[in-house]
Each structure stands twice: as structure tokens, then as C-alpha cells.
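Reader: I would like to go through a protein model step by step. Please show it first.

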Amino acid sequence: MRDVIDLNRYPLDQPGSPAWLTLVEACKSKLAEDGLFNLPGFVRQAALREAVTAFKPILAKNAFLHRRRHNIYFKRSVDGLPDTHPALQTFETSNKTICADQMDQAVVIRLYEWPPFARFLAAVMGKTELFAMADPLARVNVMSYSEGEALNWHFDRSEFTTTLLLQAPEAGGDFEYDKDLRSDSDPNYEGVADLLQGRRSPTLMRVTPGTLNIFKGKNTAHRVTPVKGASDRIIAVFSYYDRPGVQFSADERIGFYGRAS
Ligand SMILES: O=C(O)CCC(=O)C(=O)O
Ligand SMILES: [Fe+2]
């Protein structure tokens with residue numbers, strides 16, 4: 001894994017060592033403070049280039065064009081909210097998505113299946129163990145956003161999301177978030193409406209290719225702003241769960257990937 005991850009900077013291969021524990025503690029406090037953390041330069045430039053070169057032809061020919069209008073909840077309606085409520089305003093999301101079953105032994109698959117990676121993420125998330133998905137499509141996804149494309153405002157269903165930026169756009173394509181806009185006990189619909197109507201000041205984050213990002217997106221509203229310029233934003237998304245064997249339903253796969261298998 002030394003050819004993929006900068007293990008000198010991020011000693012994931014030495015779980016339990018003083019350097020590993022220091023890194024985990026630093027990530028945990030950043031996560032508590034900001035709801036996310038970044039590890040810049042986590043993946044080496046050569047491995048990134050290899051990944052991008054392998055994915056470009058697949059993105060060009062065999063990707064699923066994921067385009068839909070959705071509200072921040074990805075739901076048709078929300079109990080107790082009139083359909084006209086501004087918190088339910090819809091926006092467009094558009095990207096090209098490729099699934100784990102289209103990637104062979106790409107760098108991102110090797111990383112996903114490397115046990116010390118899941119072990120590190122579990123430690124940072126304060127869990128005893130994290131498990132790779134059994135779902136052959138959803139385990140690892142790579143999304144590509146071209147000029148004008150965006151991932152619009154949403155809350156995540158999963159407790160946390162792990163991403164690796166493979167290629168940055170010339171401009172735009174930034175990650176923008178409004179930390180703890182709601183909580184498990186308070187949906188804060190007025191705050192959501194304020195955000196969607198531009199009355200709040202979310203935080204904009206630019207990351208460099210090779211940065212690993214861990215993000216708690218269940219109650220933090222977030223989006224990726226529209227990409228500008230000729231270079232696509234290409235990002236890998238890794239999914240782990242606190243129990244083994246998790247799979248999406250056929251309907252979920254069709255919704256996300258346009259196919260059930
Ligand atoms: O592309 C990104 O940076 C964010 C991805 C994201 O929000 C998600 O997968 O839920
Ligand atoms: Fe998200």
C-alpha cells in the first residue's frame with residue numbers, strides 16, 4: 001500500500017503505534033469541532049494519475065448518467081410540511097457514476113479492501129469495527145462532474161461519508177456545508193428554508209486531489225457547487241457500515257445506478 005498511501009505522513013499500517021494514535025486523536029477532535037476532516041496528500045500523485053487514467057474511458061463509455069431533481073431530503077414529501085414549504089424546494093443534481101463492479105483492481109478498490117483503512121476509519125468514528133459492503137455496485141463509486149454539473153443540497157442517510165478527490169476542476173466543484181443545520185430532535189425547517197433561499201452563510205471548502213475527506217453529513221446540509229471549466233471533478237466515495245454484509249435493495253440500485261445488477 002506504500003505506493004498508494006503516503007504512509008510516512010499517515011501511518012495507517014501501524015495501528016496502535018504512538019504515531020497512529022496521535023493521528024487518530026487529531027482526526028477525532030477535528031471531526032468533533034468541524035463535522036469533517038481532510039488528510040491532504042493521503043494518496044500519492046502517481047496512484048491518482050493511474051486511477052484517473054483507468055476511469056476516464058469507463059466514465060466516457062459505460063457510466064450511468066445520474067440526473068434528477070430532488071429536495072434536500074431526497075423525499076417526495078415530509079410529514080407535517082406543506083408541499084409548498086420552501087424547505088422542500090427542489091434542485092438538480094447531475095453526474096456520471098461508475099460502480100465497484102466496473103473497476104477491476106483499481107487503486108480505489110485496493111484501498112477499500114485494505115483492512116488497516118477500515119480499521120483507521122473505525123477508530124476515528126469511535127467504532128469497534130467497520131465492514132466493507134457486500135453490495136457489488138455500491139461498495140465504491142466514482143462520480144464525475146462536468147462543466148455545469150453539481151451535487152445539490154442534501155442530508156446524507158449514512159452517518160458518515162468517506163471520499164477521495166481524484167481530479168479537481170479548474171473552478172467551482174467546491175464542497176459547501178452548513179454544520180448541524182438540524183439535529184436528531186429538531187428538523188429546523190425554517191433554517192433549511194433560509195439556507196436554500198440564500199439567507200445563511202455556509203462554509204466553502206476547496207480540496208486538492210489526493211485528499212481523503214471524512215464527513216458526518218446526516219444533520220449537516222451540504223452540496224457540491226457547479227463545476228466550471230474543461231476539467232471534470234472526479235471523486236471516489238467509499239461506503240462502510242458497522243455490520244457486515246450490507247447490500248442495497250434492487251430499487252435503491254436502480255435509483256442510484258440505473259440497474260439492479
Ligand atoms: O462529492 C462530494 O464531495 C460529496 C459527496 C456526498 O456528499 C455524498 O456522497 O453524499
Ligand atoms: Fe452527501
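Author: What follows is a set of short questions and answers on this model. It is a predicted model, in which local features need pLDDT of at least 70 and side-chain atom pairs count only at pLDDT 80 or more, while totals for chains, interfaces and linings use all residues. Residues are numbered from 1 along each chain as its sequence is written, and chains are lettered from A and ligands numbered from 1 in the order in which they are written.

Reader: How many helices and strands are there in the chain?

Author: Helices (H or I, at least four residues) and strands (E, at least two) are DSSP runs, numbered from the N terminus. On that basis, the chain has 6 helices and 15 strands.

Reader: What is the order of strands in the open sheet of 7 strands?

Author: Two strands pair if DSSP finds at least two bridges between them. The pairing in this sheet is antiparallel. Its edge strands, each paired on one side only, are β1 (36–39) and β2 (64–70). The order is β1-β11-β7-β14-β5-β3-β2.

Reader: Which residue in β14 stands opposite Met-143?

Author: Strands β5 (residues 140–145) and β14 (residues 233–238) run antiparallel and are joined by 6 bridges. Opposite Met-143, in β14, stands Ile-235.

Reader: Which residues surround ligand 1, by class?

Author: A residue is near a molecule if its C-beta atom, placed from the backbone, lies within 6 Å of it. Those around ligand 1 include Asp-156, His-222, Ile-235 and Val-237. Two or more residues of the shell come from each of β7 (161–167), β12 (221–224) and β14. With Ala, Val, Leu, Ile, Met, Phe, Trp, Tyr, Cys and Pro as nonpolar, Asp, Glu, Lys and Arg as charged, and the others, Gly among them, as polar, the shell has 5 nonpolar, 4 polar and 1 charged residues.

Reader: Why is one side of β6 and of β10 left without a neighbour in the sheet?

Author: These strands belong to an open sheet of 4 strands with antiparallel pairing, in the order β6-β12-β9-β10. β6 (151–154) and β10 (203–205) stand at its edges, so one side of each lacks a neighbour there: each has a single partner strand.

Reader: What is the bridge partner of His-154 in β12?

Author: β6 and β12 pair in the antiparallel sense over 2 bridges. The partner of His-154 in β12 is His-222.

Reader: What is the radius of gyration of the chain?

Author: The radius is taken over C-alpha atoms, and the globule rule is 2.2 Å times the number of residues to the power 0.38. For 261 residues the rule gives 18 Å, and the chain is close to that, so it is as compact as a globular protein of that length. The radius of gyration of the chain is 18 Å.
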